[in-house]
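This briefing sets out selected features of a structural model for a reader at the bench. Please keep the sequence and the structure in view while reading the points below.

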Protein chains: 2
Amino acid sequence: MATAMSELKQRLAEIADLSHAGAVLHWDQNVTMPAKGSSQRGDALATLARIEHDRFIAADTGRLLEAAASEVEAMPEDSDEARLVSKTQRDYDKARRVPSALAAELAKAASSGYEAWVAARSADDFSMFAPYLQNNLDLTREYVDCFDEYDAPYDVLLDDYEPGGTSVHVRALFDELKAELVPLIAQLRERQVDPSPLHVAYPLAGQRQLADEVLRRMGFTDEAWRFDDTVHPFATSFGRDDVRITTRFQDDYFPMGLYGAMHECGHGLYEQGVAEALQRTPLSHPRSLALHESQSRMWENFVGRGREFNEFLHPRLVELSGGALEGVGAGALFKALNAVKPSLIRFEADETTYSMHIVLRFELEQELLEDKLTLADLPEAWNSRMRDYLGIEVPSDADGVMQDVHWSAGLIGYFPTYALGNLIAGQLWEKIQRDLPDLPAQIAAGDLRGLREWLRENVHRHGGKFSSRELLERVVNEPIAVGPFVRHLKAKLSDVYELSLS
Amino acid sequence: MATAMSELKQRLAEIADLSHAGAVLHWDQNVTMPAKGSSQRGDALATLARIEHDRFIAADTGRLLEAAASEVEAMPEDSDEARLVSKTQRDYDKARRVPSALAAELAKAASSGYEAWVAARSADDFSMFAPYLQNNLDLTREYVDCFDEYDAPYDVLLDDYEPGGTSVHVRALFDELKAELVPLIAQLRERQVDPSPLHVAYPLAGQRQLADEVLRRMGFTDEAWRFDDTVHPFATSFGRDDVRITTRFQDDYFPMGLYGAMHECGHGLYEQGVAEALQRTPLSHPRSLALHESQSRMWENFVGRGREFNEFLHPRLVELSGGALEGVGAGALFKALNAVKPSLIRFEADETTYSMHIVLRFELEQELLEDKLTLADLPEAWNSRMRDYLGIEVPSDADGVMQDVHWSAGLIGYFPTYALGNLIAGQLWEKIQRDLPDLPAQIAAGDLRGLREWLRENVHRHGGKFSSRELLERVVNEPIAVGPFVRHLKAKLSDVYELSLS
């Protein structure tokens with residue numbers, strides 16, 4: 001007997017297949033496609049996206065959802081089936097509200113905005129980019145107007161990346177975080193830490209080999225993963241058995257390649273850990289980008305730049321350096337890796353200053369959306385906040401307000417998930433320390449299996465079933481909080497600077 | 001004003017986009033995908049194929065075709081528009097005749113047949129494979145029964161790979177070819193030619209570099225091509241600006257890598273040469289596999305193994321061999337490359353014996369389809385024809401009747417296109433010699449531009465507009481013929497064996 005549920009699953013599986021195809025085409029475009037292929041690839045991607053969207057918002061989907069809803073009524077609220085129906089219903093309702101014409105305009109604006117951004121950034125001329133950004137903002141407001149149940153316009157945007165997130169809540173968290181970080185950064189930013197251990201010249205082949213070893217310890221296997229080089233590192237997956245990550249190696253700065261790889265592998269492990277039963281459903285990929293980022297940043301910073309992993313790493317780097325790192329102790333490496341050094345570019349920021357780059361963007365995005373700030377004033381607003389939060393002067397808009405791709409593509413409301421990821425990582429990390437008392441020793445020995453299995457069991461396997469709030473409720477029994485992340489930073493920085501921060 | 005033609009083109013462009021996506025997923029599966037990804041990839045490919053098929057055979061397509069047909073009535077029969085409508089109408093009529101359930105069964109049988117073939121071949125046990133082959137044959141007969149206007153059942157199959165081809169015509173050509181080749185092979189097969197120049201050990205990196213150089217001379221560019229290593233070489237394209245070829249290098253047998261690359265690049269040049277105006281239409285890819293194969297085999301054998309290119313190749317191989325080829329003259333290399341050496345495996349056959357491998361399969365396929373031969377008798381029928389045509393004994397079914405993948409995947413009617421490609425190459429080659437008197441000197445100097453441009457102008461740009469018969473009519477003003485290919489072989493072999501063959 002074909003139940004509505006099984007028909008719904010069949011329909012959603014086909015939509016997942018289209019999404020799989022689109023993701024492969026994107027990966028190929030970024031990793032393997034010859035340059036001239038981009039025009040026809042753009043057509044193919046647009047067609048796939050349109051067909052996927054049309055199939056999803058078809059009235060048939062709605063009817064099946066309704067029928068399936070009554071079939072799962074008696075099931076536990078947290079069951080795969082009940083969650084599948086409720087999450088899909090939520091997406092369906094959202095998707096139906098956005099007219100196809102607006103969706104197409106948003107996609108088009110993203111594409112022309114990207115090109116304008118590349119040109120404006122290379123000319124270091126914000127006025128070339130401003131009209132496109134204005135267009136993105138206008139369309140974003142139109143998008144927000146498609147919805148009516150929200151407290152703040154920004155909440156509509158945030159919800160696309162962080163389901164259930166609200167700007168009031170994020171603002172409260174970020175205000176608390178800012179109150180901790182700004183004085184901490186001011187206190188430490190002038191202290192000298194020798195950065196030279198990071199800038200030893202390492203042969204690229206050796207760096208690649210080291211990254212390979214670390215990835216395999218994290219869980220990378222040849223049967224189910226790929227690891228490639230790209231200019232902009234990223235992770236993607238086409239199901240749990242085909243996970244792909246990239247990084248960029250730099251011969252005079254090893255953290256770029258190694259920590260890029262660990263970061264993306266953190267994302268990849270999340271994708272790979274999703275339960276088999278959720279594959280080819282709308283729950284097969286994690287939904288909260290904050291949760292996703294908590295994984296990548298935990299592996300990159302909590303593990304990768306931690307004192308214990310440093311013990312594992314140091315002898316390998318000494319060997320890799322062919323003598324150049326001789327005499328530089330593990331402690332000096334650890335200090336260099338974690339020094340508080342305010343810098344212009346978010347992507348290259350240290351663990352401590354990173355979150356302030358996000359707070360700044362979050363504040364500006366809201367002010368722009370609520371017409372409290374005009375684009376004409378945006379560069380100066382950016383620069384003055386960089387001064388206030390990080391104590392640095394911005395010499396050019398190219399390395400200031402135009403440094404990130406997101407706004408060019410109309411991705412407004414995305415940035416907060418990066419810093420929320422740090423906060424969640426802090427909360428999970430404290431719980432992990434309690435649950436796995438041997439973990440520090442394991443990490444020092446390069447044994448990462450215990451941590452990976454804990455994350456699989458507590459986080460990964462649930463895929464897109466839970467919001468970050470719901471997941472934290474289950475795992476640490478509290479809402480998202482600032483304290484654990486700040487405690488983590490202060491403990492580490494006390495160690496780096498030989499201080500007692502609290 | 002949106003004409004029916006422009007609406008039709010829009011619809012077909014979306015179908016081309018879905019086909020682009022499927023082709024990328026196939027390429028990825030063969031070149032880059034981690035092994036465990038195959039299960040979800042299979043689902044995604046099946047969904048894409050189903051959606052593409054459903055959209056194509058929808059009644060809307062038929063209505064648009066009808067309306068567009070009246071719009072193009074006044075246009076020249078050979079115009080892009082008229083050809084687009086007539087070719088698409090033909091495909092539409094064919095596709096509508098095959099029930100979706102049968103199409104799905106054929107796809108499923110292909111997949112299980114492939115697995116059975118791999119297992120049976122590795123166990124060298126034809127009885128393990130026979131039931132699957134029987135199933136493929138039964139389904140193939142069902143497929144044939146979907147059509148009613150044909151002279152022989154085999155014609156229905158042939159038409160899928162070689163539009164307009166008939167078995168009566170192919171049989172007449174192959175009988176003529178057989179009458180020439182069998183005595184020629186018998187006359188030459190016992191003569192000794194030293195094969196050792198082919199088996200010098202060449203470093204793989206050097207082989208790759210040589211192949212790279214040759215490909216670039218043929219027309220390969222980094223902007224629009226990729227060149228990768230795979231176990232089974234193939235070519236594919238996603239439009240004229242994204243062409244991908246692969247080969248397999250073998251350290252003690254350089255022809256495998258180099259000629260595999262030239263062969264696939266021949267296919268790739270055909271794809272790349274299709275006119276811009278035909279992109280994203282059903283005419284964007286060449287349709288006749290015989291024409292396609294005429295290109296790959298011309299580059300591989302007429303050019304690559306020709307006397308003139310040998311002049312270009314020889315000094316490079318001497319250098320590559322690091323001294324091992326010192327003292328082996330260009331003539332010895334040329335002889336080794338073209339010796340008539342009957343062998344078991346089609347894929348590795350020399351230029352002269354190759355076509356007999358095809359004639360053999362063509363004859364067996366027809367007998368199977370017409371119940372003149374049972375599967376129980378197939379291996380012995382294979383072996384006795386190998387004896388008759390090539391004078392060799394088949395020691396095992398793995399290297400005999402089970403050597404090729406095609407039948408396992410239900411591809412019956414495909415093989416003839418390989419030998420037809422040789423014949424067409426012969427015809428085009430004679431015309432090219434007349435049109436380009438300087439070509440031999442150019443090839444000896446490694447300048448392949450003149451040939452490429454001739455092929456672009458006379459063959460490639462037409463994409464899928466013409467059948468092989470129509471194209472030959474335009475270019476050489478005669479139907480497909482055996483004479484030129486045989487003359488080419490005899491001239492070359494006279495040179496190799498220092499005889500006067502005619």
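In what order do the three strands of the open sheet in chain B lie, and what kind of pairing do they show? The order is E1-E3-E2, and the pairing is mixed. The model is a predicted one. The points below begin with this sheet, turn to its counterpart in chain A, and then take up cavities and individual residues.

**The sheet of chain B**

- E1 and E2 of chain B are the edge strands of the open sheet, each of them pairing on one side only.
- From one strand to the next, the twist averages 15°.
- Helix H1 of chain B, residues 4–31, packs on this sheet and touches E1, E2 and E3 of chain B. The direction of the helix makes about 35° with that of E1(B).
- Strand E1 of chain B, residues 225–229, runs parallel to E3(B), and five bridges join the two.
- Two residue pairs illustrate where E1(B) and E3(B) meet: Phe227(B) has Ile245(B) in E3(B) as its bridge partner, and Asp229(B) stands opposite Thr247(B) in E3(B).
- Strand E2 of chain B, residues 235–237, pairs with E3(B) in the antiparallel sense, over three bridges. Thr236(B) has Arg244(B) as its bridge partner in E3(B).
- The hairpin of E2(B) and E3(B) has five residues between the strands, and in this hairpin Gly239(B) takes a positive phi near 95°.

**Burial of strand E3 in chain B**

- Why is strand E3 of chain B, residues 243–247, described as largely enclosed by the rest of the structure? Five of its five residues are buried, so the description follows.
- Val243(B), Ile245(B) and Thr247(B) point one way from E3(B), whereas Arg244(B) and Thr246(B) point the other way. All of these residues are buried.

**The sheet of chain A**

- In chain A, three strands form an open sheet with mixed pairing, in the order E1-E3-E2.
- Its edge strands are E1 (225–229) and E2 (235–237) of chain A, each pairing on one side only. The twist averages 15° from one strand to the next.
- Five bridges link E1(A) with strand E3 of chain A, residues 243–247, in the parallel sense. Within this sheet, Trp225(A) stands opposite Val243(A) in E3(A).
- Helix H1 of chain A, residues 4–31, lies across E1, E2 and E3 of chain A and runs at about 35° to E1(A).

**Cavities**

- How many cavities of 30 Å³ or more does a search of the whole structure find? The search finds seven.
- The largest cavity holds about 50 Å³ of space. Its lining is made up of Arg361(B), Trp382(B), Gly400(B), Val401(B), Gln403(B), Asp404(B), His406(B), Trp407(B) and Phe415(B).
- By residue type, the lining of the largest cavity divides into four nonpolar, three polar and two charged residues.
- The second largest cavity has a volume of about 40 Å³. Arg361(A), Trp382(A), Val401(A), Asp404(A), His406(A), Trp407(A) and Phe415(A) line the second largest cavity.
- The lining of the second largest cavity comprises four nonpolar, one polar and two charged residues.

**A buried leucine in chain B**

- Leu313(B) lies in helix H12 of chain B, residues 307–320.
- Is Leu313(B) buried or exposed? Its relative accessibility is 0%, so Leu313(B) counts as buried.
- Leaving aside residues up to four places away in sequence, Leu313(B) touches Leu210(B), Phe254(B), Leu258(B) and Tyr259(B).
- Lys341(B) is 28 residues from Leu313(B) along the chain, and 22 Å separate their C-alpha atoms.

**Positive phi at residues other than glycine in chain A**

- Arg280(A) has a positive phi of about 60°, although it is not a glycine. Arg280(A) is found in the loop between helix H10 (254–272) and helix H11 (289–303) of chain A.
- With a relative accessible area of 22%, Arg280(A) is partly exposed.
- Asn477(A), likewise not a glycine, has a positive phi of about 60°. Asn477(A) is placed in the loop between helix H19 (468–475) and helix H20 (483–497) of chain A.
- Asn477(A) counts as exposed because its relative accessibility is 60%.

Technical notes: Residues numbered from 1 in each chain as written. Chains lettered and ligands numbered in written order. Predicted model: local features only at pLDDT ≥ 70, side-chain atom pairs only at ≥ 80, totals over all residues. Heavy atoms only, no water. Pairing = 2+ DSSP bridges. Helix = DSSP H or I, 4+ residues; strand = E, 2+ residues; numbered from the N terminus. Axes fitted to C-alpha atoms, helices over the stretch in contact; angles between N-to-C directions. Contact = heavy atoms within 4.5 Å. 1 Å grid on protein atoms, 1.4 Å probe; cavity = no way out; pocket = protein on both sides within 12 Å on 5 of 7 lines; lining within 4 Å. Points joined across faces, edges and corners; volume = space filled by probe spheres on them. Nonpolar A, V, L, I, M, F, W, Y, C, P; charged D, E, K, R; others polar. Buried < 20%, exposed > 50% of the residue type's maximum accessible area, 1.4 Å probe, protein only.
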